[in-house]
Amino acid sequence: MRMTRERFEELVGEALDEVPDELLRLMDNVVVLVEDDPPPGEADLLGLYEGHALTERGVDYSGVLPDRITIFRRPILRVCADEDEVVDEVAVTVVHEIAHHFGIDDDTLHQLGWG
């Protein structure tokens, strides 16, 4: 599947627009980024959350850089056959990584169908 970075970024934005406002308002000190490729050795990684989940933040949480949610363009395009599949995979990946920001682990996400 081929898609420009610009179109892919639009799809990530559209996926974020679908997240309920109540959840978006609860997100704190987090940025969502698009990168072409995941870190070396992680070729199949579709998204990555790096930071301190809201459930892990204590009174000493201050002065830190924003958490990062990174959505990886090329791996998602590799697993999708057409744009409709990309739209669905981007939405699932965005929700999956946002869930990590709220402290939900991979096992729970897989059980809920967001794996």
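Asparagine 29 is partly exposed in this predicted model, at a relative accessibility of 27%. The residue sits in the loop that joins α2 (21-26) to β1 (30-35). Its phi angle is near 55 degrees, a positive value in a residue other than glycine. Most residues other than glycine have a negative phi.

The loop between β2 (47-50) and β3 (67-72) holds several further positions considered here, among them leucine 65. Leucine 65 has a relative accessible area of 71% and is therefore classed as exposed, the threshold for that class being over 50%. Between the C-alpha atoms of leucine 65 and tyrosine 49 there is a separation of 13 Å, with the two positions 16 residues apart along the chain. Glycine 51 belongs to the loop between β2 and β3. With a relative accessibility of 42%, glycine 51 counts as partly exposed, because this class covers values between the limits of 20% and 50%. The C-alpha atom of glycine 51 lies 7.4 Å from that of proline 66, a residue 15 positions away along the chain.

Glycine 58 is also placed in the loop between β2 and β3. Its relative accessible area is 39%, and glycine 58 is accordingly partly exposed. From glycine 58 to glutamate 18 the C-alpha distance is 29 Å, and the two residues are 40 residues apart in sequence. A further long-range pair is formed by threonine 93 and valine 64. These two residues are 29 residues apart along the chain, and their C-alpha atoms are separated by 25 Å.

Threonine 93 is part of helix α4, which comprises residues 83-101. A relative accessible area of 4% makes threonine 93 a buried residue, since the limit for burial is under 20%. A polar atom of the threonine 93 side chain lies 2.8 Å from the backbone oxygen of glutamate 89. When neighbours within four places in sequence are left aside, the contacts of threonine 93 are with Leu46, Gly47, Ile71 and Ile76. Of these partners, Gly47 falls within the range of β2 (47-50) and Ile71 within that of β3 (67-72).

Histidine 96 is likewise located in helix α4. Its relative accessibility is 10%, and histidine 96 is therefore counted as buried, again by the limit of under 20%. The side chains of histidine 96 and histidine 100 make a polar contact at 3.0 Å. Outside the four nearest places in sequence, histidine 96 is in contact with Asp106, Leu109, Trp114 and Gly115.

At the level of the whole chain, the secondary structure consists of 5 helices and 3 strands. Along the sequence, these elements follow the order α-α-β-β-β-α-α-α. Contacts between residues 24 or more positions apart make up 71% of those with a separation of 6 or more. Buried residues account for 31% of the 115 residues in the chain.

The radius of gyration of the chain is 14 Å. A compact globule of 115 residues would have a value near 13 Å, so the chain agrees with this expectation. The C-alpha trace spans about 45 × 30 × 25 Å along its principal axes. The accessible surface of the chain amounts to about 7100 Å², and carbon and sulfur atoms contribute 50% of this area. The chain carries 9 positive and 28 negative charges, and the mean positions of the two sets are 7 Å apart.

How values were computed: Residues numbered from 1 in each chain as written. Predicted model: local features only at pLDDT ≥ 70, side-chain atom pairs only at ≥ 80, totals over all residues. Heavy atoms only, no water. Helix = DSSP H or I, 4+ residues; strand = E, 2+ residues; numbered from the N terminus. Buried < 20%, exposed > 50% of the residue type's maximum accessible area, 1.4 Å probe, protein only. Polar contact = N/O pair within 3.5 Å; in protein donor to acceptor, adjacent residues only side chain to side chain. Contact = heavy atoms within 4.5 Å. Rg over C-alpha atoms; globule rule 2.2 N^0.38 Å. Areas by Shrake-Rupley, 256 points an atom, 1.4 Å probe, with all protein chains shown as cover. Lys, Arg positive; Asp, Glu negative; His and termini not counted. Charge placed at Lys NZ, Arg CZ, Asp CG, Glu CD.
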